[in-house]
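Me: I am new to this structure and would like to know how its labels are justified. Please take them one at a time.

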Amino acid sequence: IRMSKVDIDWGKLAFNYIKTDFRYISKWENGKWDNGKLVKDNMLSISEASTALHYGQQCFEGLKAYRRQDGKIQLFRPDQNAKRMQDSCKRLLMPEIPEEKFIDACMQVVKANEHFVPPYGSGATLYLRPFVIGVGHNVGVKPAPEYMFCVFCLPVGPYFKGGLSPVNFI
């Protein structure tokens, strides 16, 4: 795996998209998930008749990887995100992502993009966005014939710069 050079001011990161080097993609066809793989291309190619586009058959999770004080990288409770995604898939009549596959995909993405994990104490993290979408040719109201499970990542600063400031709408 060839890594790009990273020149980021970790303390000034916002919660915005930054393209990283690798993401994970797995396809569900003929009743099963393939092995999945890391890819460099951040563009997806799907049918114009995908259920994700027309019927909202899609779900996502969000989790973070942190650099610890000792320099090692730690994911925060990926098993809980995997279980939540399984629940979402069940509700939306999509094939579940096995917990081991979910965690392995997240770990592959973090390892392949390790140089994007902000340093300890910077206030920034590596955000992972696993998602499942219904794809394949389908214009009827029914579950998709095919699915994609993807995980991408990006370094981020706090979601709310300066902390959470609740607003009273009443």
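Reply: Helices and strands here are DSSP runs, a helix having at least four residues and a strand at least two, numbered from the N terminus. The model is a predicted one.

Me: Where does Ile46 lie in those terms?

Reply: Ile46 sits in the loop between strand S3 (37-39) and helix H1 (51-54).

Me: Why is Ile46 called partly exposed?

Reply: Its relative accessible area is 32%. Buried means under 20% and exposed means over 50%, so Ile46, at 32%, is partly exposed. Together with Leu44 and Leu53, Ile46 makes a nonpolar surface patch of about 240 Å².

Me: How do you know that the span of helix H3 agrees with its number of residues?

Reply: Helix H3 (residues 99-112) has 14 residues, which at 1.5 Å a residue should span 20 Å. The end C-alpha atoms of H3 are 20 Å apart, so the two values agree. Buried residues of H3 include Phe102, Ile103, Cys106 and Val109.

Me: What makes Cys59 and Cys89 count as unbonded?

Reply: A disulfide needs two cysteine sulfur atoms within 2.5 Å. The closest cysteine sulfur to that of Cys59 is in Cys89, 4.0 Å away, which is too far for a bond. Cys150 is in no disulfide either, as the nearest cysteine sulfur, that of Cys59, is 11 Å away. Over the whole structure, the search finds 0 disulfides.

Me: Why are Cys59 and Cys150 called buried?

Reply: The cut-off for buried is under 20% relative accessible area. Cys59 has 10%, so Cys59 is buried. Cys150 has 4%, so Cys150 is buried as well.

Methods: Residues are numbered from 1 along each chain as its sequence is written. This is a predicted model: local features need pLDDT of at least 70, side-chain atom pairs count only at pLDDT 80 or more; totals for chains, interfaces and linings use all residues. Side-chain values use heavy atoms; hydrogens and water are left out. Patches are made of residues with over 30% relative accessible area and no salt bridge: like charges are joined within 9 Å, nonpolar side chains (Val, Leu, Ile, Met, Phe, Trp, Tyr) within 5 Å. Accessible areas come from the Shrake-Rupley method with a 1.4 Å probe; for residues, only the protein chains shown count as cover. A salt bridge is a side-chain nitrogen of Lys or Arg within 4 Å of a carboxyl oxygen of Asp or Glu. Buried means under 20% relative accessible area, exposed over 50%, partly exposed in between (1.4 Å probe, protein chains only). The expected span of a helix is 1.5 Å times one less than its number of residues.
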